[in-house]
Amino acid sequence: MSGKLIAVVGPSGVGKDTVMEALAAAEPRLSLVRRVITRAPEAGGEAYQPVSEAAFMQMRARGDFILHWGAHGLLYGIPKSITAELAAGRDLLVNLSRNVLAEAGARISGLEIIALQADPAILAQRLAGRGRESAADVARRLARVAEPLPTGLKTHEIDNSGALGDTISAIRARLYPEYTPS
Ligand SMILES: Nc1ncnc2c1ncn2[C@@H]1O[C@H](COP(=O)(O)OP(=O)(O)O)[C@@H](O)[C@H]1O
Ligand SMILES: O=P(O)(O)OC[C@H]1O[C@H](OP(=O)(O)OP(=O)(O)O)[C@H](O)[C@@H]1O
């Protein structure tokens with residue numbers, strides 16, 4: 001049976017990368033998709049493939065990406081090779097822009113969406129605490145307005161304002177109905 005692509009989305013600072021790491025560590029069925037990003041290699045956070053803008057454009061022209069988008073002054077690409085991994089039955093976790101979900105749903109069968117939410121004051125606090133961006137970049141991230149989520153896709157809305165462990169249990173229960181919290 002084909003694997004499912006699980007897209008984690010939500011505003012900057014909501015905890016996408018943190019939740020994805022913890023989920024992949026807890027669920028042996030899940031692997032993380034490594035994104036291609038025009039971000040400096042030393043920026044930290046998720047494991048990504050850092051590339052120059054020129055290299056990104058070349059990869060895009062070659063058709064290396066199944067999805068790509070721009071946000072926060074950066075370019076992001078999802079390698080086309082994920083289709084072979086899904087066909088091999090692997091479940092994959094990927095951090096996507098909310099703006100590419102409709103396209104993702106049209107291209108990839110078995111897409112499920114984890115839409116993370118948290119209170120605005122918590123987002124501000126978490127972004128400041130993360131320390132990856134300047135104060136100006138944090139302000140821009142908080143002001144970013146995304147498209148509403150498309151309808152007709154299998155979407156799980158999950159609140160990550162509380163403890164990380166609670167979020168992980170809630171997501172596992174939604175993705176894998178046979179999961180029982182220990
Ligand atoms: N449930 C949580 N409780 C406390 N801190 C969290 C929680 N989830 C994420 N964080 C923290 O919030 C910050 C932003 O998380 P991150 O995963 O980078 O968010 P995103 O990828 O959505 O921008 C990080 O410093 C992370 O450690
Ligand atoms: O269109 P949106 O849904 O608002 O998403 C915009 C971008 O923000 C996130 O990136 P990234 O993980 O680099 O930034 P973040 O850690 O600040 O969320 C997400 O993965 C998208 O690439």
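**Stop 1: the parallel sheet**

Select strand E2 and strand E7, residues 91–95. The two pair in the parallel sense over 3 bridges. Pick Ser 31; it stands opposite Leu 92 in E7. Keep in mind that this is a predicted model.

Now widen the selection to the sheet around this pair. In what order do the 5 strands of this open sheet run? The order is E2-E7-E1-E8-E9, and the pairing is parallel. Strand E2 (30–32) and E9 stand at the edges. Each has a single partner strand, so one side of each is left without a neighbour in the sheet. Look along the sheet for its twist, which averages 25° from one strand to the next.

Move to strand E1, residues 5–9, and strand E8, residues 111–117. This pair is parallel, with 5 bridges. Label Val 8 and find Ile 114 of E8 opposite.

Step on from E8 to strand E9, residues 154–159. How many bridges join E8 and E9? There are 6, again in the parallel sense. Ala 115 stands opposite Glu 157 in E9.

**Stop 2: two helices on that sheet**

Show helix H1, residues 16–26. H1 lies across E1, E2, E7 and E8. Its direction runs at about 165° to E7. Add H7, which packs on the sheet and touches E1, E8 and E9. The direction of H7 makes about 160° with that of E9.

Hide the strands and look at the helix pair alone. The axes of H1 and H7 (residues 164–175) come within 10 Å. They cross at roughly 65°. The crossing is right-handed.

Which residues of H1 meet H7? Select Thr 18, Val 19, Ala 22, Leu 23 and Ala 26. On the H7 side, select Leu 164, Thr 167, Ile 168, Ile 171 and Arg 172. Colour this contact by class: 7 residues are nonpolar, 2 are polar and 1 is charged.

**Stop 3: ligand 1**

Keep H1 on screen and select ligand 1. Its surroundings comprise 15 residues. The closest are Gly 15, Lys 16, Asp 17, Thr 18 and Arg 126. Thr 18 is also one of the H1 residues that meet H7.

Which elements give two or more residues to this shell? They are H1, helix H5 (120–130) and H7. By class, the shell around ligand 1 has 3 nonpolar, 8 polar and 4 charged residues.

**Stop 4: ligand 2**

Jump to ligand 2. It has 13 residues around it. Ser 12, Ala 71, Ser 97, Arg 98 and Ala 146 come nearest. The shell around ligand 2 has 4 nonpolar, 5 polar and 4 charged residues.

**Stop 5: the mixed sheet**

Ala 71 of that shell leads to strand E5, residues 65–71. Select the open sheet that holds E5: 4 strands in the order E4-E3-E6-E5. The pairing here is mixed. Strand E4 (49–50) and E5 are the edge strands, each pairing on one side only.

Zoom in on strand E3, residues 36–37, and strand E6, residues 74–79. This pair is antiparallel, over 2 bridges. Val 36 has Gly 77 in E6 as its bridge partner. Ile 37 stands opposite Tyr 76 in E6.

Bring in helix H2, residues 53–62. H2 packs on the sheet and touches E3, E5 and E6. Its direction makes about 40° with that of E6.

Turn to the other pair that E6 makes. E5 and E6 pair in the antiparallel sense over 6 bridges. What is the bridge partner of His 68 in E6? Select Gly 77. Gly 77 is also the bridge partner of Val 36.

Follow E5 into the hairpin. The hairpin of E5 and E6 has 2 residues between the strands. Select His 72, which takes a positive phi near 55°.

**Last stop: the annotated span**

Finish by selecting residues 3–176. UniProt lists this span as "domain: Guanylate kinase-like", in an unreviewed entry. Where do its ends fall? The end C-alpha atoms lie 12 Å apart. The span is 38% helix and 25% strand.

Note on methods:
Residues numbered from 1 in each chain as written. Chains lettered and ligands numbered in written order. Predicted model: local features only at pLDDT ≥ 70, side-chain atom pairs only at ≥ 80, totals over all residues. Axes fitted to C-alpha atoms, helices over the stretch in contact; angles between N-to-C directions. Left-handed = near helix turned anticlockwise from the far one by under 90°. Contact = placed C-beta atoms within 7 Å. Nonpolar A, V, L, I, M, F, W, Y, C, P; charged D, E, K, R; others polar. UniProt positions renumbered as here; feature names shortened; annotations may be inferred. Pairing = 2+ DSSP bridges. Near = placed C-beta within 6 Å.
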